[in-house]
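Trainee: Could you take me through a single part of this fold at close range? I would like one connected account, with the cut-offs spelled out as you go.

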Amino acid sequence: MAVRHQLVKRPPSKVWEVLEDGHRYADWVVGTHDSRPLDTTWPAVGSRIEYTVRVGPWQVAGNTVVRHLDKPNRLELEAFSGALGTARIAIEVRPWGDHTLVIVDEHPLQGPGGVLHNAAVDALIQVRHRSMLSRLAKLVEQGEGDPRKHGSAQRTAEA
């Protein structure tokens, strides 16, 4: 199973501030070069963000749709990555004393990832999650404020 957790040394409301900002996903989701909401209602069920993944000279556009929202406890997403297929990503946000325990559970659904899903794929997802959750914790704990001064907007300007 590709399940990983991270203790974030801030209350759940601060974690949700980052999760609710579709522009900030590129700041913490590993492999995502930029992100932008396609709907003004993000993260309402059915709303979407669009993102770009760059690996060397290759670039893939994709989008993620909210499938389930149970704020302040859970956000479930389905990521569409073109020919690579889709993945289910569940983000659980639990109060943990004065802090927050964030648990991410990701599994390929359709396409090559879903067909080839095995322990090796889960191991790769685990490595990605380790970095991703560390980035999320850093963003939340530092309270960087307006994302347009950081991360995704800066990367877009550089491109």
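Mentor: Happy to! Let's begin with strand pairing: E3 and strand E4 (residues 58-70) run antiparallel, joined by 8 bridges. Strands here are DSSP runs of E with at least two residues, helices are runs of H or I with at least four residues, both numbered from the N terminus, and two strands pair if DSSP finds at least two bridges between them. Before going on, note that this is a predicted model, in which local features need pLDDT of at least 70 and side-chain atom pairs count only at pLDDT 80 or more, while totals for chains, interfaces and linings use all residues. Residues are numbered from 1 along each chain as its sequence is written, and side-chain values use heavy atoms, with hydrogens and water left out.

Within the E3 and E4 pair, Arg-48 stands opposite Val-65 of E4. The hairpin of these strands has 2 residues between them, and Gly-56 there takes a positive phi near 60°.

E3 also pairs with strand E2 (residues 32-37), again antiparallel, through 5 bridges. Here Tyr-51 of E3 is the bridge partner of Ser-35, a residue of strand E2. Ser-35 has 5% relative accessibility and so counts as buried (under 20% relative accessible area is buried, over 50% exposed, in between partly exposed, with a 1.4 Å probe and protein chains only). The side chain of Ser-35 has a polar atom 3.5 Å from the backbone nitrogen of Tyr-25, and this side chain also reaches the backbone nitrogen of Ala-26 at 3.2 Å.

Tyr-25 leads us on to the largest nonpolar core. A nonpolar core is a set of buried Ala, Val, Leu, Ile, Met, Phe, Trp, Tyr and Cys residues joined through side-chain atoms within 4.5 Å. This one has 26 residues, and those touching the most other members are Leu-19, Tyr-25, Trp-28, Leu-75, Leu-77, Ile-91 and Val-102. E3 is among the elements giving two or more residues to this core, as are helix H2 (25-28), strand E7 (99-110) and helix H4 (119-142). H4 contributes the most, with 6 residues. In soluble globular proteins, nonpolar side chains tend to be buried together.

Take Val-102 from that list: leaving out residues up to four places away in sequence, Val-102 touches Arg-4, His-5, Gln-6, Val-8, Val-15, Ile-91, Glu-92, Leu-133 and Leu-136, where contact means heavy atoms within 4.5 Å.

Definitions and conventions. A polar contact is a pair of N or O atoms within 3.5 Å; within protein, one must be able to donate a hydrogen and the other to accept it, and residues adjacent in sequence count only if both atoms are side-chain atoms.
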